[in-house]
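Colleague: Could you walk me through this one before I go back to the bench? I'd like to talk about how the helices pack, and then ask about a few single residues.

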Amino acid sequence: MDFYVNNEKLDIVLEDEKTIGDVLKSFEAECEKNNATTINITLNGKNIGADEFDSIFTEPINDDTKLELIIVTQDEIKASFQNQKAECLELSEMLLNLPVQLQSGKDKEATLLIAKLADFIEKFCHTATLSALFPAIHEKLSIDEKSVSEFFHDFSQILNDFEQAIAAKDTVLMGDLAEYEISPRLQSIAKTIEEL
């Protein structure tokens, strides 16, 4: 059996494990001891979705079985959040300058900033989703005294308005939303990360 974790082949010695389920149970027990968890399973080149999990559990292990797991640790989630904090604060500052950029015809810089903002939000939401696997982090994850989903439910409306202002080339509204709505919310996200 070939066993990979985070794309690295591990030399493992099977003891009483006879099925894929046996291996996964043993591995998950080790993960728990190390504040880690599996987030992706590939068996013999096929990505296994949550709905297929039960069907592979009883599959016997053969010499040519290839099991690949992607794991994430609690420390990696914390580190990811900390890395995002600097980016969040930088974006917040840059958004305060957006009205000036728009008024001085620096559309290219403004467009790049908007793309950076979208990338940041996607990364933060992905990390926040993974953090749900670790209650010690996730329980502390509230922004402006709201859960992440509540915060982004409200924030997404502002982002939609921002997107419409971009499409309409309404530079006044874009500037106002950036300065008074989006930038302060990024400050709130950074403050939450700081407290983790």
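**Helix packing and selected residues**

Modeller: Helix H5 (residues 107–131) packs with helix H7 (residues 148–167) at an angle of about 165°, and their axes are 13 Å apart. Please keep in mind throughout that this is a predicted model.

Colleague: How do H5 and H7 run relative to each other, roughly parallel or roughly antiparallel?

Modeller: H5 and H7 are roughly antiparallel, because an angle over 145 degrees counts that way. The crossing of these two helices is left-handed.

Colleague: Which residues meet where H5 and H7 touch?

Modeller: On the H5 side they are Ile114, Leu117, Ile121, Phe124, Cys125 and Ala128, and on the H7 side they are Val148, Phe152, Phe155, Leu159, Phe162 and Ile166. Sorted by class, the contact of H5 with H7 has 12 nonpolar residues, with no polar and no charged ones.

Colleague: What about H3 and H5, at what angle do they pack?

Modeller: H3 and H5 pack at about 155°, with their axes 10 Å apart, and they are therefore roughly antiparallel to each other. H3 passes H5 in a left-handed crossing. From H3 the contact includes Ile77, Phe81, Cys88, Leu91 and Met94, and from H5 it includes Leu113, Lys116, Leu117, Phe120 and Phe124. By class, the contact of H3 with H5 has 12 nonpolar, 4 polar and 4 charged residues.

Colleague: Lys116 is on that list, so which residues does Lys116 contact, leaving aside its neighbours within four places in sequence?

Modeller: With those neighbours left aside, Lys116 is in contact with Glu87, Glu90, Leu91 and Met94. Lys116 itself is found in helix H5, and it counts as partly exposed because its relative accessibility is 38%. For a sense of distance along the chain, Lys116 and Thr129 are 13 residues apart in sequence and 20 Å apart in space, taken from C-alpha to C-alpha.

Colleague: And H3 with H8, how closely do their axes come?

Modeller: The axes of H3 (residues 74–96) and H8 (residues 171–194) come within 9 Å and cross at roughly 160°, so these two helices are roughly antiparallel. H3 passes H8 in a left-handed crossing. Among the residues that meet are Phe81, Cys88, Leu89 and Leu95 in H3 and Ala178, Ile182, Leu186 and Ile193 in H8. By class, the contact of H3 with H8 has 12 nonpolar, 5 polar and 4 charged residues.

Colleague: Switching topic to the cysteines, how many disulfides are there?

Modeller: The count comes to 0 disulfides. Take Cys125 as an example: its sulfur is 11 Å from the closest cysteine sulfur, in Cys88, and that is too far for a bond, because a disulfide needs the two sulfur atoms within 2.5 Å.

Colleague: Is Cys125 buried or partly exposed, and what about Cys31, buried or exposed?

Modeller: Cys125 counts as partly exposed at 26% relative accessibility, whereas Cys31 is buried, with a relative accessible area of 4%.

Colleague: Where does Phe134 sit, and what does it contact?

Modeller: Phe134 lies in the loop between H5 and helix H6 (135–138), and with a relative accessible area of 5% it is buried. Leaving aside neighbours within four places in sequence, Phe134 is in contact with Asn35, Ala36, Thr37, Val72, Thr73, Gln74 and Ile77. Phe134 and Thr73 are 61 residues apart in sequence, yet 8.7 Å apart in space, C-alpha to C-alpha.

Colleague: Gln74 is a polar side chain, so is Gln74 buried or exposed?

Modeller: Gln74, whose place is in helix H3, counts as buried because its relative accessibility is 13%, and buried means under 20%. Leaving aside its neighbours within four places in sequence, Gln74 is in contact with Asn35, Phe134, Ala136 and Ile137.

Colleague: One last topic, the backbone. Which residue in the loop between strands E3 and E4 should I look at?

Modeller: Look at Asn44, which lies in the loop between strand E3 (36–43) and strand E4 (46–48). Its phi is near 50°, a positive value in a residue other than glycine. Most residues other than glycine have a negative phi. Asn44 is partly exposed, with a relative accessible area of 45%.

Colleague: And what is the phi of Asp144?

Modeller: The phi of Asp144 is near 50°, again positive in a residue other than glycine. Asp144 lies in the loop between strand E6 (142–143) and strand E7 (146–147), and at 48% relative accessible area Asp144 is partly exposed.

Technical notes:
Residues numbered from 1 in each chain as written. Predicted model: local features only at pLDDT ≥ 70, side-chain atom pairs only at ≥ 80, totals over all residues. Heavy atoms only, no water. Buried < 20%, exposed > 50% of the residue type's maximum accessible area, 1.4 Å probe, protein only. Axes fitted to C-alpha atoms, helices over the stretch in contact; angles between N-to-C directions. Helix = DSSP H or I, 4+ residues; strand = E, 2+ residues; numbered from the N terminus. Parallel < 35°, antiparallel > 145°, perpendicular 65-115°, else oblique. Left-handed = near helix turned anticlockwise from the far one by under 90°. Contact = heavy atoms within 4.5 Å. Nonpolar A, V, L, I, M, F, W, Y, C, P; charged D, E, K, R; others polar.
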